[in-house]
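Got the model open in your viewer? Grab the selection tool and follow along, one stop at a time.

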Amino acid sequence: MTALDLSPAPAPAPPAKRIVRHGLIEARLLIRNAEQLLLALVIPLAILVAGRFASASIGSLELLGPSVLALAVWSSAFTSVAISTAFERRYGVLERLATTPLGKPGLIAGKALAVIMIMFGQLVILAGAALGLGWRPRFTALSAVLAVILVILAAATFVCLALLLAGRLRAETTLGLANLIYVVLVIGGALIIPLERYPAVLRPVIEVLPTAALGEGLRAAANGQLLGWPVLVLLAWLLAAGLAAWKGFRWTS
Amino acid sequence: MPSPDSAVRVDDLVVRFGSRTVLDGLALGAKTGALTAVLGPNGAGKTTLIRCCTGLIRPSEGTARVLGLPAGSRMLAGRIGLMPQSAGSWSGIRAIELLRYLAGLYANPLPVPALIERLGLTDCAKTPYRRLSGGQQQAVNLAGALVGRPELVFLDEPTAGMDPHARRATWLLLRELRANGVTMLLTTHAMDEAEALADQVFIVDGGRVAISGTVRQLTKSGESLESVFLTHTRARAAS
């Protein structure tokens with residue numbers, strides 16, 4: 001048996017290494033979860049294929065391409081993070097991590113890194129599939145930059161909302177509620193359905209939702225147009241959700 | 001009154017959850033380099049005490065200092081190890097993955113293969129955490145608490161669910177840790193565990209210390225430690 005030197009020698013690894021380690025382990029665990037993969041890839045791909053072969057009823061690829069990218073951001077940054085964090089809290093993972101050198105800021109940064117890695121993979125696969133099916137986006141250099149900014153703001157907002165949910169509610173409640181909110185906003189949040197198709201009376205409410213800001217902003221950007229209001233809506237949501245998550249998050253259940 | 005060389009020192013600690021008072025003026029100290037056992041019935045406040053010491057719960061009143069710093073201070077990160085009572089792990093992660101991940105958060109971690117071998121986990125190192133037996137999960141949790149080579153370790157019922165062989169192996173490991181200068185504070189229901197390991201015992205009931213001393217001091221009248229425990233604590237209805 002190999003002898004262990006059990007004498008104390010505590011020292012944290014460099015911050016960047018800690019965050020990368022955490023990001024990699026979370027991304028690996030998320031990829032292994034079949035239910036999350038269904039949300040992340042299978043449903044968006046199914047929508048794209050449906051759009052290719054039934055564009056009259058589902059919508060053209062010109063609209064579905066950016067819409068499906070928005071859907072991918074929504075599922076990975078909100079639903080996956082809410083469910084995984086709720087169970088981390090329930091299983092005591094967060095309690096254990098609180099005493100490690102990772103700490104609260106490292107945990108949040110690591111989670112953000114995991115979401116970025118997963119989203120990057122999703123966006124590459126889904127954009128590739130959409131292009132393969134005939135999507136021909138008309139991004140300009142400026143609208144592409146705006147699209148990237150929108151994705152970053154939306155992902156950060158969704159992660160904060162997910163942490164708020166997971167940090168306050170029981171794991172089972174979070175699981176049910178995160179899936180419910182996912183479906184409700186996919187249908188009613190102008191994420192994949194353009195805002196103009198909703199009844200006029202509902203539009204003022206829907207357009208201040210973060211999902212609408214992302215969906216509308218990406219659809220416009222993919223068409224070479226620049227919309228300013230989605231950036232403002234997402235900034236307001238990010239500020240509110242960030243503060244609420246910071247104040248309201250509980251490490252233990 | 002806790003001595004100045006306490007690695008852990010809590011004074012007049014009060015924690016309330018709504019109208020329920022969980023800690024009610026708790027005061028104790030864990031001496032540097034010693035193994036301190038906190039005994040108490042379910043609901044006595046043992047886990048809440050550890051959560052206050054690791055900064056997860058902010059007390060309503062009183063103070064908690066750990067290694068000379070306020071509990072929860074970022075300066076403590078990595079200097080303390082925690083073996084939580086609940087799983088403390090993702091359910092789908094393999095034992096070796098969890099320990100490699102935790103080791104990666106530290107600059108001088110224990111070598112993971114040797115730690116796995118020491119805790120008898122070699123055969124189940126690649127088994128997902130949720131498929132491990134209760135005792136194996138406890139062993140992984142203990143390894144997770146030790147992998148960063150901490151100065152101080154909090155162990156919340158460390159041998160619950162272990163078979164007698166695993167318990168004895170764990171006791172041996174805890175004694176080795178103490179011989180190497182690691183301070184430990186453990187909670188337990190097992191009187192034999194406290195008798196076998198503890199330098200100092202605090203019996204806690206209703207969120208405050210009912211009686212404390214060395215095992216020899218507590219049992220000097222010829223009573224067993226269990227008898228002392230039963231005399232100084234109240235039974236609670238099973239919930």
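Here is a tour of chain A, its contact with chain B, and then chain B itself. Bear in mind throughout that this is a predicted model.

**Stop 1: chain A as a whole**

Select chain A and switch to a cartoon view. You'll find 11 helices and 0 strands, so to speak a run of α after α: α-α-α-α-α-α-α-α-α-α-α. Turn the chain around, and its C-alpha trace spans about 70 × 40 × 35 Å along the principal axes. A compact globule with 253 residues would have a radius of gyration near 18 Å, and chain A, at 19 Å, agrees with that. Of those 253 residues, 49% count as buried. Look also at how the chain meets itself: among contacts in chain A with a separation of 6 or more, 79% are between residues 24 or more positions apart.

**Stop 2: colour by confidence**

Now colour chain A by pLDDT. The mean is 90, and 97% of the residues reach 70 or more. Which elements have the lowest and the highest mean pLDDT in chain A? Select helix 3 (residues 55–58) of chain A for the lowest, 64, and helix 10 (residues 210–222) of chain A for the highest, 97. Where pLDDT is low, don't read the predicted coordinates in detail.

**Stop 3: one glycine**

Next, pick Gly106(A), which sits in helix 6 (residues 103–133) of chain A. Is Gly106(A) buried or exposed? Gly106(A) has 21 other C-beta atoms within 10 Å, and 20 are enough to count, so this residue is buried. Show what surrounds it: setting aside neighbours within four places in sequence, Gly106(A) is in contact with Pro15(A), Arg18(A), Ile19(A) and His22(A). Try the distance tool on Ala16(A) too: Ala16(A) is 90 residues away from Gly106(A) in sequence, yet the C-alpha atoms are 8.9 Å apart in space.

**Stop 4: where the chains touch**

Bring chain B into view. Here 31 residues of chain A are in contact with 42 residues of chain B. On the chain A side, helix 1 (15–32) and helix 5 (93–98) each supply at least two residues. The largest share, 6 residues, comes from helix 1 of chain A. Colour that side of chain A by class and you'll get 17 nonpolar, 7 polar and 7 charged residues.

**Stop 5: an open sheet in chain B**

Stay with chain B and look for an open sheet of 4 strands, in the order 2-1-4-5, with antiparallel pairing. Strand 2 (20–31) and strand 5 (69–70) of chain B are at the edges with a single partner strand each, so one side of each has no neighbour in the sheet. Highlight strand 1 (residues 6–17) of chain B next: 9 bridges join this strand to strand 2 of chain B. For one spot to zoom in on, Phe17(B) stands opposite Arg20(B).

**Stop 6: a buried strand**

Finish with strand 8 (residues 183–188) of chain B, where 6 of the 6 residues are buried, so the strand is largely enclosed by the rest of the structure. Thr183(B), Leu185(B) and Thr187(B) point one way, while Met184(B), Leu186(B) and Thr188(B) point the other way.

Add strand 3 (residues 35–39) of chain B, which runs parallel to strand 8 and is joined to it by 5 bridges; Leu35(B) stands opposite Met184(B) there. Then add strand 7 (residues 152–156) of chain B, also parallel to strand 8 with 5 bridges, and find Leu152(B) with its bridge partner Thr183(B). Lastly, show helix 5 (residues 164–179) of chain B: together with strands 7 and 8 of chain B, this helix makes a right-handed β-α-β unit.

How values were computed:
Residues numbered from 1 in each chain as written. Chains lettered and ligands numbered in written order. Predicted model: local features only at pLDDT ≥ 70, side-chain atom pairs only at ≥ 80, totals over all residues. Contact = placed C-beta atoms within 7 Å. Nonpolar A, V, L, I, M, F, W, Y, C, P; charged D, E, K, R; others polar. Rg over C-alpha atoms; globule rule 2.2 N^0.38 Å. Buried ≥ 20, exposed ≤ 12 C-beta atoms within 10 Å, placed from the backbone. Pairing = 2+ DSSP bridges. Right-handed = clockwise from strand over helix to strand, strands pointing away. pLDDT = per-residue confidence, 0-100.
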